[in-house]
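Subject: The structure I promised you

Hi,

Here is the structure we talked about, ready for you to open in your viewer. Have a look at it first, and then read on for what turned up.

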Amino acid sequence: AHWQRYLELIQGMRSQAPIKFNGQAFVVNSTGKGWDYRDWGACYWWQNTRQPYYNSLAQGDRDVLGSMFKFYGGMLPYVQARTAAQFNQTSTPISPGGALYPETVTQFGAYNPGDWGCNSSVPRAMGASLNQYIRFHFTGNLELCLLMLDDFLYSGDRSRLAEHAVPVCTAVVSGFRDRFPHRDAQGFVDLFPSQSLETYQCPDPASRESCVTNPTPDVAGLRAVLQRLVALPTGAADPAAVAGWRELLAVVPALPVHDGVVLPAAAGANKRSNSENTALYAVHPFRTYGWGKANLSEAQATYNSRPSPCNDGWCQDVIQAAMLNLTDDAAKMVAARAAAAPAKGFRFPGFAAHYQDFAPSLDHWAFMRTAVNYMLLTPLEDDRQRMVVFPTWPVDKWDVSFKLHGPLNTTVQGACVGGVLQELVVTPAERKGDVEVVGCRKQSVFV
């Protein structure tokens, strides 16, 4: 785990681009196809690129996040122009300033030519790219926005908020609003034509049977981002934009739930084309459900019935178990990931194997660290920004000492040995009342 953080820091602190998920900066001619060859090519795939950055705030590594924000923020003007060109001759044109980053993006903000379609004409029906796996896959836009807003919540850094978060999130929300101008019979936004990640796709954008309506990742993501945007301090964003965000938040549809289980989408999720557990994006990354939040049993039932259990590479099960009070599952998966053999053919023991990416991979142990962070310290995201310590840590099996960062410039340092609390230091001290210890038994000195 320490090697993982080391790799994130040396590659991410002062970089001009995000850490490359498929080989990092250490790609070698392991396949005989050349020294620059990587499976999945040169583009930045958000599904894979994001993994190490979910550790950054809890670890206090905001400089790593800053490099990624500059990368995506710097390409915003081009993405806005490309988005306008992509949709301006469709029935749902995007207003000037709206932006939708492709799921798979070059360093300039463009589609890979093969993803958009070589020798193809514009316009395309509904602005559809040729590659159905990412055709209407814009969920990463909402993840990026939420990470930027989390950065402000943790740090209170108004300069980074103004430089990156507000411009990017304003453009992304505008892009989503313009793509879905229609309302259903109840007056809620009709998110069609859509897809639910790469797994439930949209072969025919004109068909409700062929395309997804109201995908859970995008519904959860829109709600999470809009709730945070309307809560920004006065003066942080244009008042007219804030008013528009409030109006849009009021008509975001509810998550699709049936018989106590969250569905991948409200309709159209008929054929699986990949192995993502899309309904669980309402847990991670968008945190509708979690420890101490409403309807936890719905999310637990969704997790228990997930169609593609997985515990390697970019699979999120370990994080979701950590967030859903499933201590045994989380601990078993963390232990299994930690015991995984390193990549073959390398001397450095901190390189992970290929899994879904390319060796040396970064995803496998990055998501393990994210799970460990949640097991030790989980923000409740309530009005006081309270936190719980050891919420899903197996305190009677594993001794631990840690120091992690939380919202409002708070750090929590603690230790639990033999199931008994040995240390709890909250900085600043006035935030101690907003930190609750669960699981680990308190000694009298801590009562």
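Below are notes on the core, the helix packing, a few loop residues and some backbone details.

Before anything else, please keep in mind that this is a predicted model.

**The core**

A good place to begin is the largest nonpolar core, which has 129 residues. Met-68, Tyr-72, Trp-245 and Phe-390 are the members that touch the most others in it. Helix H7, spanning residues 139-155, supplies the largest share, with ten residues. If you centre your view on Tyr-72, and leave aside residues up to four places away in sequence, you will find it touching Pro-18, Tyr-44, Trp-46, Thr-49, Tyr-101, Val-105 and Leu-144.

**Three helix pairs**

Two packed helices are described by the angle between their axes and the distance between the axes. Here are three pairs in those terms.

How do H7 and H9 pack? Helix H9 covers residues 216-230, and its axis is 9 Å from that of H7, at an angle of about 30°. Angles under 35 degrees count as roughly parallel, so H7 and H9 are roughly parallel to each other. The crossing of H7 past H9 is left-handed. On the H7 side, the contact is made by Thr-139, Leu-142, Cys-145, Leu-146, Leu-149, Asp-150 and Leu-153. On the H9 side, Pro-217, Asp-218, Gly-221, Leu-222, Ala-224, Val-225, Arg-228 and Leu-229 take part. By class, ten residues of this contact are nonpolar, two are polar and three are charged.

Next come helix H4 (residues 62-74) and helix H8 (residues 158-179), whose axes come within 10 Å and cross at roughly 50°. That angle makes H4 and H8 oblique to each other, and H4 passes H8 in a left-handed crossing. From H4, the residues involved are Arg-62, Leu-65, Gly-66, Phe-69, Lys-70 and Gly-73, and they meet Arg-160, His-164 and Val-168 of H8. The classes here are three nonpolar, three polar and three charged residues.

The third pair is helix H13 (residues 327-338) with helix H14 (residues 363-376); their axes cross at roughly 145° and come within 10 Å. This crossing is left-handed too. H13 brings Ala-330, Ala-331, Val-334, Arg-337 and Ala-338 to the contact, while H14 brings Asp-363, His-364, Trp-365, Phe-367, Met-368, Ala-371, Val-372 and Met-375. Ten of the contact residues are nonpolar, one is polar and two are charged.

**Some loop residues to click on**

Is Pro-394 buried or exposed? Its relative accessibility is 8%, and since buried means under 20%, Pro-394 counts as buried. Pro-394 sits in the loop between strand S8 (387-389) and strand S9 (400-406). Not counting residues up to four places away in sequence, Pro-394 touches Thr-327, Ala-331 and Met-375. Ala-331 is one of the H13 residues in the contact with H14, and Met-375 is one of the H14 residues there.

Ala-125 and Gln-132 are in the loop between helix H6 (113-116) and H7. Ala-125 is exposed, at 55% relative accessible area, whereas Gln-132 is partly exposed at 30%. Beyond residues up to four places away in sequence, Gln-132 touches Gln-195, Gln-201 and Pro-203. The C-alpha atoms of Gln-132 and Tyr-200 are 9.6 Å apart, with their positions 68 residues apart in sequence. For Ala-125 and Lys-403, 278 residues apart along the chain, the C-alpha separation is 51 Å.

**Backbone details**

Where should you look for cis peptide bonds? One runs from Phe-192 to Pro-193, with omega near -5°, and Pro-193 is in the loop between H8 and strand S3 (213-215). Another joins Ala-359 to Pro-360, again with omega near -5°. Pro-360 belongs to the loop between H13 and H14.

That loop also holds Tyr-355, which has a positive phi of about 50° although it is not a glycine. Tyr-355 is partly exposed, at 28% relative accessibility. Asn-409 is another residue other than glycine with a positive phi, near 55°. Asn-409 lies in the loop between S9 and strand S10 (410-417) and counts as exposed at 52%.

Happy exploring, and best wishes!

Methods. Residues numbered from 1 in each chain as written. Predicted model: local features only at pLDDT ≥ 70, side-chain atom pairs only at ≥ 80, totals over all residues. Heavy atoms only, no water. Core = buried A, V, L, I, M, F, W, Y, C linked by side-chain atoms within 4.5 Å. Buried < 20%, exposed > 50% of the residue type's maximum accessible area, 1.4 Å probe, protein only. Helix = DSSP H or I, 4+ residues; strand = E, 2+ residues; numbered from the N terminus. Contact = heavy atoms within 4.5 Å. Axes fitted to C-alpha atoms, helices over the stretch in contact; angles between N-to-C directions. Parallel < 35°, antiparallel > 145°, perpendicular 65-115°, else oblique. Left-handed = near helix turned anticlockwise from the far one by under 90°. Nonpolar A, V, L, I, M, F, W, Y, C, P; charged D, E, K, R; others polar.
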